[in-house]
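This report goes through the charge pairs, the nonpolar core and the surface patches of the protein shown below. The salt bridges come before the overall fold.

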Amino acid sequence: MEWTTLIATLLGAMIAMASTLLIEVRKDRREAQGEWRRSKRELYAAYLATLAQVRSELQLLILDRGMPDEERPVAARRVFARCYDLRYQVEILAPRSVVEPALTYFRAVRRLRDAAGAGLGHQEVEREGSFDVIGTLEAVREAMRKDMGTDALAASAGQDG
């Protein structure tokens with residue numbers, strides 16, 4: 001009888017240790033996924049905010065007809081320079097489904113930079129078909145929302161409430 005008690009105790013301890021270990025592994029995985037999601041959310045928000053701010057500054061540069069032509073390219077490049085760091089982060093951290101539209105948006109804003117640097121006026125930029133900045137913004141925003149599961153989270157929050 002003494003062996004039976006000892007074996008039962010050991011078996012119970014092993015089961016308790018295994019279940020504790022399993023719970024900790026799942027908890028660590030959930031925390032890692034949450035941290036990854038937060039990191040991507042911050043990166044995506046910074047990317048969109050920075051490119052939107054740069055786009056606005058470039059549009060102001062285009063509207064500023066008093067700036068000398070020789071200063072325009074430098075000013076446009078200076079405004080745009082802060083986009084590169086975030087572009088490279090997105091290229092490394094985001095899935096291809098986000099990288100492709102993010103780069104398309106980046107290139108559209110870069111074309112706007114080139115137009116501002118070349119001294120094109122507002123009407124010329126409006127007429128030019130290669131400046132679909134808003135359309136590319138909508139595509140990258142949709143890809144980011146899909147990657148983050150934002151719509152699914154909003155739907156489940158709506159059902160809970």
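Arg-72 and Asp-69 join their side chains in a salt bridge, with 3.8 Å from N to O, in what is a predicted model. The two partners sit in contrasting surroundings: Arg-72 counts as buried, at 1% relative accessibility, whereas Asp-69, at 56%, counts as exposed. Side chains of opposite charge can pair when their charged atoms come close.

The structure holds six salt bridges, and another of them brings the side chains of Arg-82 and Glu-57 together at 2.6 Å, again from N to O. Because Arg-82 lies in the loop between α2 and α3 while Glu-57 belongs to helix α1, this pair ties together parts that are 25 residues apart in sequence. Arg-82 is partly exposed, with a relative accessible area of 35%, and Glu-57 is likewise partly exposed, at 26%.

A further salt bridge links Glu-91 with Arg-87, whose closest N and O atoms are 3.2 Å apart. Here both residues lie in helix α3, four residues apart, which is about one turn of the helix. Glu-91 is partly exposed, at 32% relative accessible area, but Arg-87 is buried, at 14%, since the cut-off for burial is under 20%.

The three pairs described so far are set out below.

| Salt bridge | N to O distance |
|---|---|
| Arg-72 and Asp-69 | 3.8 Å |
| Arg-82 and Glu-57 | 2.6 Å |
| Glu-91 and Arg-87 | 3.2 Å |

As for the fold, the protein has seven helices and zero strands, so that from the N terminus on its elements run α-α-α-α-α-α-α. Of the 161 residues in the protein, 30% are buried.

Which residues touch the most other members of the largest nonpolar core? Within this core of 36 residues, they are Tyr-47, Leu-58, Tyr-105 and Val-109. The elements that give two or more residues to this core are α1, α2 (72–80), α3 (83–93), α4 (96–118) and α6 (133–148), and the largest share, 11 residues, comes from α4.

Helix α4 also holds Leu-112, which counts as buried at 3% relative accessibility. Although Leu-112 and Gln-59 are 53 residues apart along the chain, their C-alpha atoms are separated by 8.1 Å.

Turning to the surface, Trp-3, Leu-6, Ile-7 and Leu-10 form a nonpolar patch there, and together these residues have about 480 Å² of accessible area. Ile-7, one of the members of this patch, lies in helix α1 and is exposed, with a relative accessible area of 53%, because a residue counts as exposed when this value is over 50%.

Another surface patch is one of positive charge, where Arg-26, Lys-27, Arg-29 and Arg-30 gather. Arg-26 has its place in helix α1, which spans residues 2–63. Helix α1 therefore carries both Ile-7 from the nonpolar patch and Arg-26 from the positively charged one, with the helix itself defined as a DSSP run.

Note on methods
Residues numbered from 1 in each chain as written. Predicted model: local features only at pLDDT ≥ 70, side-chain atom pairs only at ≥ 80, totals over all residues. Heavy atoms only, no water. Patch = residues over 30% accessible without salt bridge, like charges linked within 9 Å, V, L, I, M, F, W, Y side chains within 5 Å. Areas by Shrake-Rupley, 256 points an atom, 1.4 Å probe, with all protein chains shown as cover. Salt bridge = Lys/Arg side-chain N within 4 Å of Asp/Glu carboxyl O. Lys, Arg positive; Asp, Glu negative; His and termini not counted. Charge placed at Lys NZ, Arg CZ, Asp CG, Glu CD. Core = buried A, V, L, I, M, F, W, Y, C linked by side-chain atoms within 4.5 Å. Buried < 20%, exposed > 50% of the residue type's maximum accessible area, 1.4 Å probe, protein only.
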